[in-house]
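Reader: I'm new to this one. Could you take me through the surroundings of the ligand?

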Amino acid sequence: MGKWLLSVLALHGVLIAWLVLDPPLAPFMQTADGADETALLLWTRYTARISFVYFLFTFIASPLRGLMGGLIANATTKFIRQYRRELGLSFALSHTIHLGALIAYLTSGDYPAPASLLIGGGLGYLAMFLMAATSTQWGYTRLGVNGWRYLHKTGIHILALIFAFVYSGKAIAEPSPIHIALFSALVLCYVLRLIDFFRKRSRQ
Ligand code: HEM
């Protein structure tokens, strides 16, 4: 587990170094309209982007392995499925850093957060922290199989919907290649999950 959490801290360390040192990569990572944005806003934004990568692998871990009757069951899909708990907890650590960044950003100046963002985002964090707290044998035993499954299925879909809401909005408002790619990646994962869902159902 340590290596996974270290990978999160390493990626966030690189992000902070970039924000502090502002290397030549800046043009690649700015928004399409090149607007001058505060380092705190960029920190808030890119912490969520790092979390998104861990989230996508967590979201796809089980369905990927079973897809097409196991046709694409290989070392990679086995690895992702085997470490889905580590991926999930890495997402939770990364997104806790997003929480720190957004608090720093929202309290740094006149950036009022709309109630919908606080309620929707707050629900997302509630689900994330409950899932992280129960990603242990203790949590599994406490909740029981059905309770655990219900919490983790509902929680992961709440988080996926928030990502879908944010990235569909960004892909429409600022249709830059990166926003379209991020949204398309989530749509692809949803489609793969749906295929797996109907495949399992047709077998029942
Ligand atoms: C109370 C809770 C939350 C607040 C106040 C909040 C606030 C913010 C702010 C201010 C930004 C930067 C906006 C910009 O890019 O212009 C942001 C970006 C983002 N947040 Fe949060 N957030 C919260 C929770 C969450 C949750 C729970 C998720 C996902 C499950 C999430 C996903 C994202 C994503 C995907 C981005 C955009 C990253 C990008 O551009 O790639 N946020 N958030």
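Author: Here's a look at the ligand's surroundings, with a short stop at a pair of helices afterwards. This is a predicted model, where local features need pLDDT of at least 70, side-chain atom pairs count only at pLDDT 80 or more, and totals for chains, interfaces and linings use all residues. Residues are numbered from 1 along each chain as its sequence is written, and side-chain values use heavy atoms, leaving out hydrogens and water.

Around the ligand sit 21 residues, and R45, R49, H98, Y167 and K170 come nearest (a residue is near if one of its heavy atoms lies within 4 Å of the molecule). By type, that shell splits into 13 nonpolar, five polar and three charged residues (Ala, Val, Leu, Ile, Met, Phe, Trp, Tyr, Cys and Pro count as nonpolar, Asp, Glu, Lys and Arg as charged, and the others, Gly among them, as polar).

Now for some polar contacts, meaning pairs of N or O atoms within 3.5 Å. R45 has a polar side-chain atom 2.6 Å from a ligand oxygen, and Y167 has a side-chain N or O atom 2.6 Å from an oxygen of the ligand. With H98, a side-chain N or O atom is 3.2 Å from a ligand nitrogen. Helix 3 (39-70), helix 5, helix 6 (115-133) and helix 7 (137-173) are the elements giving two or more residues to the shell (helices are DSSP runs of H or I with at least four residues, numbered from the N terminus). Helix 7 gives the most, with six residues.

As for that pair, I80, R81 and Q82 in helix 4 meet R84, E86 and L87 in helix 5 (contact means heavy atoms within 4.5 Å). The residues of this contact comprise two nonpolar, one polar and three charged.

Methods: Polar contact = N/O pair within 3.5 Å; in protein donor to acceptor, adjacent residues only side chain to side chain.
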